[in-house]
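Let's take a walk through this model together, starting with its overall dimensions and ending at the ligand. Keep the 3D view open as you read.

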Amino acid sequence: MNRDYHRLMKFIKKLSRLIVTRNLFHVLRNKIQTSNGKKHFLLPRPLDTKYGVSGVINSILNVLPKRENYLEVGIFKGATFQSVIADNKWGVDIDPAFDITKLPRNTTVFVNSSDNFFAELRPDKKFDMIYIDAEHTFVQAYRELVHSINHLNNWGVILLDDTVPFDSVAAISDESESKREAIRVHGSNKWSHQGDVWKLILQVSELHKELVVRTVLGPSRPRTIMWRNGLFGTKMQSAPTDKLASLTYETAFAQGIPKEFGVQDLSYIVAEIKNRKFAN
Ligand SMILES: C[S@@+](CC[C@H](N)C(=O)[O-])C[C@H]1O[C@@H](n2cnc3c(N)ncnc32)[C@H](O)[C@@H]1O
């Protein structure tokens, strides 16, 4: 009885959210699409603006001087992307897991590798916020970060996923090897992969001191937030990455999350972002 009541309440809550956000028809259409083996469409309006990763992104967008242009590098099914509240949303994915033939009004999707996307992007195109969540390797994520900083407004903010591995297995850079090892060590298919994106934080703290680095521990897993506090108007240049090549997860995380990650509560970070002063 109690379980049925909770299930009913959950259903009513979900239904009312779909009605309030005017997504009900689109969710039903997606159910038909996917039951016919087709890919779903992105929802035309944000579904969940306060929770999950989109909650983190939206709370930052809410305190920026402008939230006109958002970029997501690695969109997958679009779960985060469709709930971001920016005026114009661009996303790039090498293989998006949704139907790109009918996109919401303010949305542009590039089916491309992030390397090609940035190579073809107009140099003066600027974003207010960029979420980097594609391949989980240090070298690739570093390339994406450098490009992203060079396409960010002065007040712009970057969010990086997968910066704190769950354990040494999740931290194995090669995704297939990490999966094989997860099955061997944990005996389970339930596996998450964060690779060696964590090295990016150490690289930035050592070599790009004009970037502020903050990490939030949730929701679901840690993510890192960065913004520029100097060298505005200059182009960020990549530095060699080989110094960190031999550093292991076990060594770097022996005492827990390294101080360079700047772990803080989201509310503290949002206040820091909000209170920045700009000359113009
Ligand atoms: C973890 S998923 C993204 C999840 C999404 N950001 C979200 O919050 O729901 C990673 C995505 O990155 C894409 N991807 C991987 N490597 C890429 C690359 N080099 N360039 C562009 N997209 C890439 C994959 O196709 C996949 O859809």
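For 280 residues, a compact globule would be expected to have a radius of gyration near 19 Å, and the chain comes out at 20 Å, so the two agree. Bear in mind as you go that this is a predicted model. If you would like a feel for the extents, align the view with the principal axes: the C-alpha atoms then fill a box of roughly 55 × 55 × 35 Å.

Now look at what makes up the fold. You can trace 9 helices and 7 strands along the chain. Of the 280 residues, 35% are buried. The contact map is worth a glance too: among contacts with a separation of 6 or more, 64% join residues that are 24 or more positions apart.

Next, the division into domains. Domain 1 covers 1–38, while domain 2 runs over 43–274. Their centres, taken over C-alpha atoms, are separated by 30 Å. Where the two touch, domain 1 supplies 6 residues and domain 2 supplies 6 residues. What classes of residue does domain 1 present on the side that touches domain 2? There are 3 polar and 3 charged residues there, and no nonpolar ones.

Finally, turn to the ligand. There are 17 residues around the ligand, and those that come nearest are Gly74, Phe76, Thr80, Asp133 and Ala134. By class, the shell around the ligand holds 7 nonpolar, 4 polar and 6 charged residues. With that, you have gone from the whole chain, through its two domains, to the surroundings of the ligand.

Technical notes. Residues numbered from 1 in each chain as written. Predicted model: local features only at pLDDT ≥ 70, side-chain atom pairs only at ≥ 80, totals over all residues. Helix = DSSP H or I, 4+ residues; strand = E, 2+ residues; numbered from the N terminus. Rg over C-alpha atoms; globule rule 2.2 N^0.38 Å. Buried ≥ 20, exposed ≤ 12 C-beta atoms within 10 Å, placed from the backbone. Contact = placed C-beta atoms within 7 Å. Near = placed C-beta within 6 Å. Nonpolar A, V, L, I, M, F, W, Y, C, P; charged D, E, K, R; others polar. Domains from an automatic or database assignment.
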